[in-house]
Each structure stands twice: as C-alpha cells, then as structure tokens.
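The following paragraphs examine helix geometry and aromatic contacts in a protein chain. The reader is invited to keep the sequence and the model in view throughout.

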Amino acid sequence: MPYNCRHCGGTYCGEHRLPENHDCTGLQNWNDPKGVFDSGFDDSVNGGGGKSKASSLTDKLPIDTGAGGPLAYFRGNMTYTLLALMWITFLAQLITQAVAGPRVAQDLFVLSSWNIEYVWTWVTSVFAHGGFMHIVFNSIVIFFFGPLVERYVGSLKLAILFVVSGALAGLGQIGISMAQGDPSSVLGASGAALAILGVITILNPNLRVYLFFMIPMPLWILTAGFAILSLGFIGGGAAGAFNIAHAAHLIGLLVGLAYGEYIKRTQNVRAPSQLQLGGGGPGGPGGPGGRRRF
C-alpha cells in the first residue's frame with residue numbers, strides 16, 4: 001500500500017514512508033524557529049547531507065519557506081498551490097487588460113487558433129479564466145476532488161496531470177473547432193478539473209456527490225452526464241456551442257479516466273469513500289472566433 005509523505009508530498013512504499021528513508025526535502029528545509037533544541041540537531045540535519053539546489057534558492061528568498069513558515073500550508077499540498085496560481089493569474093489578467101489593453105492580455109493568457117505558436121499560452125491559458133463565476137466553478141471542483149487525487153498520486157504527479165491535461169484539452173478544442181470550420185480561442189481549467197474528476201471516477205465510481213449541492217448521486221452518473229453532453233455537442237458539429245469548450249471538457253475527462261485506470265492497474269490503492277474538505281472555457285464574446293469556457 002503506498003504512503004503519501006506529508007512533508008514533501010511524494011508517494012512511497014511502506015519501507016520508505018518515513019521522511020528519513022527517502023531523502024525527504026522536508027528534512028532539508030526543517031528548522032527550529034523557537035530554539036527548542038540546543039544540541040545542534042538542526043545543523044546536523046541541514047548540513048549533514050548537504051543542501052539541494054532548491055533549498056539554496058529558497059534560502060535566498062525574503063520569506064521563511066521552511067516547515068514553520070507562512071508557506072508551510074502549501075508544502076505537500078499541490079491542490080491549494082494550483083488554486084492559488086489560478087487566482088493570481090486571474091488577477092494578473094485583470095491588471096494586464098487594464099494597463100496594457102485586451103490585445104496584450106489575449107497574447108499572454110489566451111490560446112487561440114491564430115496564436116497557437118505562442119507556446120506559453122498552452123500553459124497560461126489553463127490557469128487563466130474568462131470571468132469571476134468561471135473561475136469560481138472550476139475552483140469548487142478542484143477544491144473538493146483535487147486533495148483526493150493528490151493523496152494517491154502525490155503532489156508532483158497531480159501538478160503534471162493538471163498542466164498536461166489542461167494543455168491537451170485546450171489544444172484539442174482548438175483543433176476540433178478548426179476542423180469544424182469554427183476557429184476559436186480558449187482559456188480555463190475545466191479540462192484539468194475534469195481530468196481530476198475522471199481519476200476519482202475510476203478509483204471510486206460509487207462515491208456519493210451532490211449535484212448543485214442538493215441532488216445526491218454516485219460519481220459515475222455525474223461523470224457520464226458530462227461525457228454524454230460533450231459528445232452530443234461535438235457530434236452535432238458544435239464543439240464550442242454556448243461559448244463552452246465541450247471538446248476540451250471531453251478530452252480532459254478522457255485523460256483523467258485513462259490515468260485513473262493506469263493507477264488502478266499499477267498501484268494497489270484504496271479509493272476514497274467520501275469527500276473531505278482540506279488538502280492532503282474560456283469566457284468572453286461568442287460566435288465564430290469567440291472564446292470558449294472550459
């Protein structure tokens with residue numbers, strides 16, 4: 001059975017689950033701000049094995065990045081880190097649009113048929129959003145389901161899943177829209193959020209969730225509903241109908257389902273039985289060329 005280290009976020013076997021048995025970065029960054037120990041234990045931990053390049057860089061920051069510092073809440077908790085990056089990016093969008101204009105904001109944050117060679121937008125578009133309610137809905141999905149996935153795959157793999165699935169979802173939406181004669185632009189984390197949903201659906205399809213926080217149902221029904229809705233719009237030649245990136249939703253979900261199946265086949269994980277709080281489409285004008293929410 002794999003264990004998730006709460007210090008570094010990595011996933012290890014029973015033999016290496018203790019921090020001192022897997023070269024845990026939490027040990028390298030540990031400090032004793034209260035001065036409880038006078039035995040030099042801190043120095044032996046930090047200096048005995050030598051500091052990593054990452055530790056040396058964080059030591060130069062004007063903020064305590066150790067286990068007792070203000071950033072400790074994000075250590076080993078990639079879900080909240082990703083959520084924070086989403087909201088920071090959203091704020092950066094608003095500032096950029098106000099200062100430099102909408103054209104610059106689009107070149108920086110929006111993936112479109114006309115600037116697909118702007119490779120940075122493959123990533124920035126995943127964290128950017130088309131409006132306040134757009135980012136709120138995506139944040140809710142990631143907040144509830146992200147910690148469950150992180151618990152079983154680790155922080156690093158969750159981050160990779162988020163970025164890769166989001167980028168593939170955006171690129172897939174652009175490609176399908178162009179094939180259907182409807183060039184468009186996209187931004188949003190819904191593809192990544194649905195990838196997270198897909199992983200949990202494979203690990204525990206009968207997990208009880210509440211649609212609109214009121215209607216109880218097993219998770220597989222909710223996931224199937226998303227898939228059927230997206231397939232219907234794509235099959236009807238409207239991958240971006242109602243300014244929603246249906247193709248991006250479906251691609252993100254398929255990536256998550258595939259990765260969830262891989263985890264289930266290669267790792268002996270026990271699926272979560274309930275949701276727990278805490279860690280462990282572009283918007284804009286519609287019509288041809290309009291940005292799609294996903």
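In this predicted model, helix 7 comprises 22 residues, 132–153, and at 1.5 Å a residue it should span 32 Å. The C-alpha atoms at its ends lie 30 Å apart, which agrees with that expectation. Helix 7 nevertheless contains a kink of about 40° at F145, shortly before the proline P147. After helix 7 comes G154, whose phi is positive, near 95°.

Attention may now turn to the aromatic side chains. Across the whole structure, a search identifies 7 aromatic pairs. One of them joins F127 and F162, whose ring centres are separated by 5.4 Å. Their planes meet at 45°, and because edge-to-face geometry requires over 60° and stacking under 30°, this pair is classed as tilted. F127 belongs to helix 6 (residues 121–127), whereas F162 belongs to helix 8 (residues 155–179), so the contact ties together parts that are 35 residues apart in sequence. Both F127 and F162 are buried.

A further pair is formed by F143 and F144. Here the ring centres are 5.5 Å apart and the planes stand at 85°, so the arrangement is edge-to-face. How accessible are F143 and F144? F143 has a relative accessible area of 27%, and F144 one of 23%. Since buried means under 20% and exposed over 50%, F143 is partly exposed, and F144 is likewise partly exposed. These two phenylalanines also take part in one aromatic cluster together with Y80.

Methods: Residues numbered from 1 in each chain as written. Predicted model: local features only at pLDDT ≥ 70, side-chain atom pairs only at ≥ 80, totals over all residues. Heavy atoms only, no water. Phe/Tyr/Trp six-rings, centres within 6.5 Å; stacked < 30°, edge-to-face > 60°. Helix = DSSP H or I, 4+ residues; strand = E, 2+ residues; numbered from the N terminus. Buried < 20%, exposed > 50% of the residue type's maximum accessible area, 1.4 Å probe, protein only. Expected span 1.5 Å × (residues − 1). Bend = angle between axes of the 7 residues up to and from the residue.
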